[in-house]
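Thank you all for coming; I would like to use these few minutes to walk through one structure, taking the charged pairs, then the aromatic rings, and then the surface. Please keep the view in front of you as I go.

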Amino acid sequence: MMNKAPGSHNRLRTLAGGGRFGSIPTSRPPARGRAPNPTAPRVLPTPLRQLALATALTLAAAAAAAGAAAQDSPLVLDVDGGATIPLGDFEEGAGTGEGAEAGPVFAVGFVLPRSDRFALLLGFHQARFGCEAAGCASDGRYVATGFDAGLRLALLAGRAAVPWLSLGGVTTRVEARDLPAPNGGVSKLGWGVEAGAGSWWGNEWIAVQPKVAWTRVDTELPGGDTLEMRYLSATLGVSFPF
């Protein structure tokens, strides 16, 4: 049985303080130097492909961060799932894209503690909202995908249960294909802020984290209208230090 490395308990306390073949193509590829067909339809990535790509990018960024982390500041993987609750005009308004409904949210991220109290956050998230009331086709939805980065402050340190606050920036790109023209399609990249609160419950091997976050982000729809997204997300996450 492998013994724990010396100081692993203290390292986890620092954490608490901060913390997918298709068929073989039969057509020949275009001849070298041949110009692409400008009338060929543009194939946008599906939400699942976006999810796989973004997760891979997040893992790569975290691996780079892990190489720079101190021996007593372990990198931590967070996996969260829960629900979103639209707020204000995003839920009840009559403007373009407004009238969203609650849906699921998924997030994966990394925490890099820098002290007993502070930690750096880097993650990827995907939130889904019903949008039938916003003018979408029946059972239509928004799929909002983006990254987030920020800071976490532990209100207590060195305990089995640690409450914390977080603040950071978010990006989002909304796939709203179910909206009527001219706004149906994929939005431009939007920017916003997120504030969260939660608590860390666990030991040196695994922890759970209930969390509530408020997100404000604006993005421009294909027709030029701005979709102002304001929502709460309530999630339950699992944390794995490594």
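Let me begin with the terms for burial: a residue is called buried under 20% relative accessible area and exposed over 50%, and it is called partly exposed in between. Aspartate 218, at 30% relative accessibility, therefore counts as partly exposed. I should also say at once that what you see is a predicted model.

Aspartate 218 takes us to the salt bridges, of which the structure holds five; I will discuss some of them here. As a reminder, side chains of opposite charge can pair when their charged atoms come close. Aspartate 218 is paired in this way with arginine 230, and the closest N and O atoms of the two are 2.8 Å apart. This pair links distant parts of the chain, since arginine 230 belongs to strand β9 and aspartate 218 to strand β8, with their positions 12 residues apart in numbering. Whereas aspartate 218 is partly exposed, arginine 230 has a relative accessible area of 15% and is therefore buried.

Strand β8, which covers residues 207–220, also carries lysine 211, and this residue is linked to glutamate 194 in strand β7, residues 190–202, the two being 17 residues apart. Their salt bridge has its closest N and O atoms 3.9 Å apart. Here lysine 211, with a relative accessible area of 22%, is partly exposed, while glutamate 194, at 18%, counts as buried.

Another salt bridge joins arginine 152 to aspartate 78, with the closest N and O atoms 3.8 Å apart. It links distant parts of the chain, arginine 152 lying in strand β4 (residues 141–154) and aspartate 78 in strand β1 (residues 76–86), 74 residues apart. Both arginine 152 and aspartate 78 are buried.

Turning to the aromatic rings, the count comes to four aromatic pairs. Why is the pair of phenylalanine 129 and tyrosine 231 called edge-to-face? The ring centres of phenylalanine 129 and tyrosine 231 are 5.1 Å apart and their planes stand at 70 degrees, and planes over 60 degrees apart count as edge-to-face. The partners come from distant parts of the chain, with phenylalanine 129 in strand β3 (residues 118–130) and tyrosine 231 in strand β9 (residues 226–241), 102 residues apart. Phenylalanine 129 and tyrosine 231 are both buried, and together with Phe90 and Tyr142 they form one aromatic cluster.

Finally, let us look at the surface, where two patches deserve a mention. Asp89, Glu91, Glu92 and Glu228 gather there in a patch of negative charge. Helix α3, residues 88–92, gives the most to this negative patch, namely three residues. Glutamate 92, which is found in helix α3, has a relative accessibility of 66% and therefore counts as exposed.

The other patch is nonpolar: Val79, Phe106, Trp205, Ile206 and Phe240 form it on the surface, and together they have about 460 Å² of accessible area. Where in the chain is tryptophan 205 placed? Tryptophan 205 lies in the loop between β7 and β8, and at 57% relative accessibility it counts as exposed.

Notes
Residues numbered from 1 in each chain as written. Predicted model: local features only at pLDDT ≥ 70, side-chain atom pairs only at ≥ 80, totals over all residues. Heavy atoms only, no water. Patch = residues over 30% accessible without salt bridge, like charges linked within 9 Å, V, L, I, M, F, W, Y side chains within 5 Å. Areas by Shrake-Rupley, 256 points an atom, 1.4 Å probe, with all protein chains shown as cover. Salt bridge = Lys/Arg side-chain N within 4 Å of Asp/Glu carboxyl O. Lys, Arg positive; Asp, Glu negative; His and termini not counted. Charge placed at Lys NZ, Arg CZ, Asp CG, Glu CD. Helix = DSSP H or I, 4+ residues; strand = E, 2+ residues; numbered from the N terminus. Buried < 20%, exposed > 50% of the residue type's maximum accessible area, 1.4 Å probe, protein only. Phe/Tyr/Trp six-rings, centres within 6.5 Å; stacked < 30°, edge-to-face > 60°.
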